[in-house]
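Colleague: I have a model open on my screen and would like to talk it through with you. Could you walk me through what was computed from it?

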Number of protein chains: 2
Amino acid sequence: MSVDNAHVDELRPPERVLMAPGPTNLPSSVLRALTAPITGHKDPFFLRVMDETAQFLRTVYQTQNQTTLSLPGTGGAGMEASLANLIQDGDEVVVCQNGLFGERMADIVRRHGGIVAEVSAPWGKPVDPDDVRKALANGRAKVVAVVHGETSTGVQQQIDPIGRIAGEHDAMLLVDAVATLGGMPVVPDEWGSAICYSASQKCISAPPGLSTITVSDQAMERIRSRKVPVDCWYFDLNLHDKYWFAEGRAYHHTAPVLMVYALREALRIIVDEGLETRFERHDLHRRALTAALESLELEFLPAPQDRLPTVLSILVPDNVDDARVRGALLNEFGIEIGGGLGPYTGKMWRIGVMGHSASRENVLLFLSAMETLLTREHYGLAPGTALAAAKAVYSEANGTGH
Amino acid sequence: MSVDNAHVDELRPPERVLMAPGPTNLPSSVLRALTAPITGHKDPFFLRVMDETAQFLRTVYQTQNQTTLSLPGTGGAGMEASLANLIQDGDEVVVCQNGLFGERMADIVRRHGGIVAEVSAPWGKPVDPDDVRKALANGRAKVVAVVHGETSTGVQQQIDPIGRIAGEHDAMLLVDAVATLGGMPVVPDEWGSAICYSASQKCISAPPGLSTITVSDQAMERIRSRKVPVDCWYFDLNLHDKYWFAEGRAYHHTAPVLMVYALREALRIIVDEGLETRFERHDLHRRALTAALESLELEFLPAPQDRLPTVLSILVPDNVDDARVRGALLNEFGIEIGGGLGPYTGKMWRIGVMGHSASRENVLLFLSAMETLLTREHYGLAPGTALAAAKAVYSEANGTGH
């Protein structure tokens, strides 16, 4: 409130290396897209951009779904749109909860009049598919909602078994791929998901502000045949579908034109790199970071088989000050990593291996900085340990660090 | 979906002069802000940017309201957030309807379980405040929702009398200022509005994708004390308020960092220009355009006293082809204006006088193009009529055309 308008000038943000779980740094051509000449949202040129964006999204989601588009809101908009469209008052929804975003799903289900059948696991562990089966046994639930990559804990959930169980019980599968799309395989068609959504600013490396979503034809049929309209106009997927794909493009909202330009360019880069190559790149840097952090005897929250390749979550060692280390990382080295959320506030570091930020340069810079800062915290380590461990991984991978 | 990924390259949008009612062309420093170094959404630098943005918004809204912020969605997000937060199941809401956006408000009220007490006027006319009084007479309605500037018709609604009537009946006033904020006086505190919202891409001249909103302390009190949570998590203003202003900035969503940078810069430009100067500039170009269009004997939809300064809506003359004229404007001259909506599809031209696009250069270019195109349509006019009429206005204003 103490801002004095008269003394505020143009922005001069500091340069940051973004290694939190999103947003990431942006490729230069994405920045160029943001400042390309703006057109109106009904301009024939922009309508073509929408078509291209949808087609790129289908490639990245590896899907045949027609209704594949971006929504004018952040990742949470994707979550709310998915739930609001699939459920109606009194519907029971199985929500898999093992972190902040599963909990948010449950909150949203309740706000829209749904009943939550909770399937939970402790933070740091995946949900047990057998628990999903039990929750579906009474035949009441119509939707199973699950988070593929829990950004809050770095836990990867295997979607295949849950998708099979949902299918056996005729329940629609809803998958949150916010932390995973573009960084590891996300396969809504194989999973049989009704809706899968993600966000622009994580492994896609577009600016934050958009979510992306793909809806199966069957789910769209269900949404179209609702007797009660979706209880949120802004997120009514029927209206978005008509705006993106219907003859005449029924006006819904003024598209965030420049953001869509940027998303299209970020997707184009992904298609250009190739999905497999991109996933291998993420995995390489994950391995280098993992080897380095383990060499420092830092403890990961999830067990090895449950870890995401895109978000590494390690516990802050005893006698090391979280705020001091992350503050120095930011202020002395210009590096942002994530802190802990919920019960892990002050107790966790979350390192993103995401999109354009996932590079050997960033990994080595980060490890070099961490060695300095942990030494300053009197955390016993031999100088160069972490860097050496990472370099060994890169070297084994034939030096193809980027 | 004939898009072939392999043949899609970086974007090369055409250069457009945007004279539809939003989006507008963007000042170069807004473009610079969009590509300034991106920081995380929890970076101390970005938190300062949020503070500055809120303070600039208070200046532009001429308000003392603490809860003044931007929402991560387009103008429609502002509308939905306002209604979803103020109403609960079964609440009666007086909705003033005289165009597309009033109708949308009614749709949203119903989706959130509210009951619409409709007060309507034909498209092209303002709503009669006496009708609002009648609708409130039974004492049931708790909210009066009204559109200040109907983008679909170019009609200006006088808010003062409706605000007074709402106050007399203890109803909360909700004002849509999407088409007006930054282009003419918008004074939520004087009006006594509970909530007033707008969008980024009209007279503010930031890119499309954000809405802005200001909520009175009393309305926030009401929202905080709701027994039933807002039925939409993404738009829960209590959560947004805590994210923007609470100690510790309770995480809600990943802020659209670059869009907020751009909004902040667009607002800074407005404060720098000065609100009064800016309103006079809009009015000057409105007068020039009006004189020119009248010299061509083109008919406005609203009566002179009901016209917005920011959206001029004229009827397409008989025997003139709307699609042909707007197509040629776009393709031959690079100029976008708006077409008609709803019952006026194909029958109306809507010309925006908004923000950075509101300049003498643009007005003269547009009129010159229109003279050419109307002549081609065999619309009887003496060459130079429109340009001469506009120039007379500029000349009378002492040549201060920008």
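Modeller: We can go through the chain pair, the domains, the sheets and a few backbone details in turn.

Modeller: This is a predicted model, in which local features need pLDDT of at least 70 and side-chain atom pairs count only at pLDDT 80 or more, while totals for chains, interfaces and linings use all residues. Residues are numbered from 1 along each chain as its sequence is written, and chains are lettered from A and ligands numbered from 1 in the order in which they are written.

Colleague: How is chain A related to chain B?

Modeller: Chain A is superposed on chain B by a rotation of 180° with 0.0 Å of shift along its axis, at an RMSD of 0.0 Å, where the fit is by least squares on the C-alpha atoms of residues with pLDDT of at least 70 in both copies. That is the relation of a two-fold axis.

Colleague: And which residue of chain A comes closest to the rotation axis?

Modeller: That is A:Gly73, whose C-alpha comes to 2.6 Å from the axis.

Colleague: How many residues of each chain are in contact?

Modeller: There are 68 residues of chain A in contact with 69 residues of chain B, a contact being two residues whose C-beta atoms, placed from the backbone, lie within 7 Å. The elements of chain A that give two or more residues to this side are helices H1 (28-34), H2 (44-60), H3 (75-86), H4 (100-111) and H10 (257-273), and H10(A) supplies the largest share, eight residues. Helices here are DSSP runs of H or I with at least four residues, strands are runs of E with at least two, and both are numbered from the N terminus.

Colleague: What is that side made of, by class?

Modeller: The side of chain A that touches chain B has 35 nonpolar, 19 polar and 14 charged residues. In this count Ala, Val, Leu, Ile, Met, Phe, Trp, Tyr, Cys and Pro are nonpolar, Asp, Glu, Lys and Arg are charged, and the others, Gly among them, are polar. Because 100% of the interface residues of chain A are also interface residues in chain B, the copies meet through the same surface.

Colleague: Switching topic, into which domains is chain A divided?

Modeller: Chain A is divided into domain 1 (28-272) and domain 2 (274-396), with bounds that come from an automatic or database domain assignment. In chain A, 23 residues of domain 1 are in contact with 22 residues of domain 2, and the domain 1 side has 10 nonpolar, 11 polar and two charged residues. The C-alpha centres of the two domains of chain A lie 29 Å apart.

Colleague: OK, sheets: what is the order of the seven strands in chain A?

Modeller: The seven strands form an open sheet in the order E2-E10-E9-E8-E5-E3-E4 (chain A), with mixed pairing, and two strands pair if DSSP finds at least two bridges between them. Its edge strands are E2 (67-71) and E4 (115-120) of chain A, each pairing on one side only. Within the sheet, E9 (193-199) and E10 (211-215) of chain A run antiparallel and are joined by five bridges, and A:Ile195 has A:Val215 in E10(A) as its bridge partner.

Colleague: Where does H2(A) lie, and how does it run?

Modeller: H2(A) lies across E2 and E10 of chain A, at about 110° to E2(A). Axes are lines fitted to C-alpha atoms, for helices over the stretch in contact, and angles run from 0 to 180 degrees between N-to-C directions.

Colleague: What about the sheet of three strands?

Modeller: That open sheet has the order E11-E14-E13 (chain A) with antiparallel pairing, and its edge strands are E11 (311-315) and E13 (338-339) of chain A. E11(A) pairs with E14(A) (348-352) over five bridges, with A:Val311 opposite A:Gly352. Helix H11 (275-295) of chain A lies across E11 and E14 of chain A, at about 10° to E11(A).

Colleague: Last one: which peptide bonds are cis, in chain A and in chain B?

Modeller: In chain A a cis bond joins A:Gly22 and A:Pro23, with omega about -5°, and in chain B the bond from B:Gly22 to B:Pro23 is cis, with omega near -10°. A:Pro23 is in the loop between strand E1 (17-18) and H1 of chain A.
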